[in-house]
Structure formats: structure tokens, C-alpha cells
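Trainee: I'm new to this one. Could you walk me through it with a few questions and answers?

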Amino acid sequence: TTMPLYKWKGERFRKLPQSSFDQERDFEDLLAKDPTILLNNEELLVISRQAKTAKEPKYDLLALDSRGSCVIIELKKGKLPRKAIAQILEYAASVSKLSYNALDKLTREWFISNGREYTSLLHIHSKLFEYEFGAIRESQFNSRQRLILISEGADPKVLEVVEYLMNIGVDITYISY
């Protein structure tokens, strides 16, 4: 089944490139391979998938942006329930406590499980984002968390809550397909 994807941008939706998937897992597969379909083709480094945060349930994808901020991506098949917002905020609170060493360990596990060569998070990050090794220090990683909620169909109440969170400074993006 082919479905159009839309991203909520201010007062309107912007159509994303078409993709085909039947289940939430299919979309996760797509994002794990090419996260640039989100956020105006912004490059993201996926470092973990379906990982547990402490005693909490599993978040769908964890990535890093060019500044080393953690990007938590949560996908929901069907209409996004309002409780998903509480869920992603819980994930963000848990992820905010991850040290550079914890992120490095998650990245190592992710790369090895996908048959990819692994050196270090610092090296991989600097290579992907094309900056001089050492320009971003370990202490700069995970200084901010960005949240991305993706669901099938838009819910006006969820949009209202997301807009409120954005207005008070939470870096959250709601994408509907």
C-alpha cells in the first residue's frame, strides 16, 4: 500500500516523498536506513533501535543530529493517541540522562548488529557530519533532546498539545502520514 506522508509545518502540512509500508515496523526499517526523509532532508545518525531506557518500554529509534543532540523518534500505526505524547516525554527524560559512554555503547551495539564497521561514536559522528575530529567534545553530546512523533492521520487535540509544547521550548515535531 502506498500512502502519502505529510509533515505538520506551522499552519499547514508539507508532503514528504512517497514510501510504501504496511506496518509500523516497515516504516521503522525505512527510517533506520534513511532518516533524511524527515526534517527537510536533515542528516541524522541512527544509533539505536527498539532499545530499552532503564525500566521503561522501548523507544523506536534513537539518533543524533549534527550537534550531538539526541533525536528520539516514536512511530505509531493508526491515529496517534494523546498518551503517546506522555510516552515520548518519558523517553526524553530517560534519554537525557545518557552519558557519552552510554551513547557510544548503544552506537557500537547498533553498528555491530547491522554488520557495520565501528570505531567510536566521536569518529563516526565527525565523519558523517564532515567536521574535524575533536571539534565536538564528548561533553557536548546529548546536551539537548529532540522529539519526533509520527502517526497515521492527524489528531487536532494532539496538534494542540504539540503546539503548546513547542511554545514552551520543547523541541518536538509531529509528522502525520
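Mentor: Gladly! Let's start with a term: a residue is buried when its relative accessible area is under 20%, and exposed when over 50%, with partly exposed in between. Keep in mind that this is a predicted model.

Trainee: Is Asp 104 buried or exposed?

Mentor: The cut-off for buried is under 20% relative accessible area. Asp 104 has 15% relative accessibility, so the residue counts as buried.

Trainee: Which residues of H3 are buried, and how wide an arc do they cover around the axis?

Mentor: Helix H3 runs over residues 100-113. Its buried residues are Tyr 100, Leu 103, Asp 104, Leu 106, Thr 107, Trp 110 and Phe 111. They sit on the same side of H3, because the arc they cover around the axis is only 165°.

Trainee: Which residue forms a salt bridge with Asp 104?

Mentor: The partner lies 4 residues away in helix H3, which means a separation of about one helical turn. At 34% relative accessibility, that partner counts as partly exposed. The closest N and O atoms of the pair are 4.0 Å apart, and the partner is Arg 108.

Trainee: How many residues apart in sequence are the parts that Arg 144 and Asp 171 tie together?

Mentor: These two form a salt bridge, with their closest N and O atoms 3.1 Å apart. Arg 144 lies in the loop between helix H4 and strand S6, while Asp 171 lies in the loop between helix H5 and strand S7, so the parts tied together are separated in sequence by 27 residues.

Conventions: Residues are numbered from 1 along each chain as its sequence is written. This is a predicted model: local features need pLDDT of at least 70, side-chain atom pairs count only at pLDDT 80 or more; totals for chains, interfaces and linings use all residues. Side-chain values use heavy atoms; hydrogens and water are left out. Helices (H or I, at least four residues) and strands (E, at least two) are DSSP runs, numbered from the N terminus. The expected span of a helix is 1.5 Å times one less than its number of residues. Buried means under 20% relative accessible area, exposed over 50%, partly exposed in between (1.4 Å probe, protein chains only). The arc is that of the directions from the helix axis to the C-beta atoms. A salt bridge is a side-chain nitrogen of Lys or Arg within 4 Å of a carboxyl oxygen of Asp or Glu.
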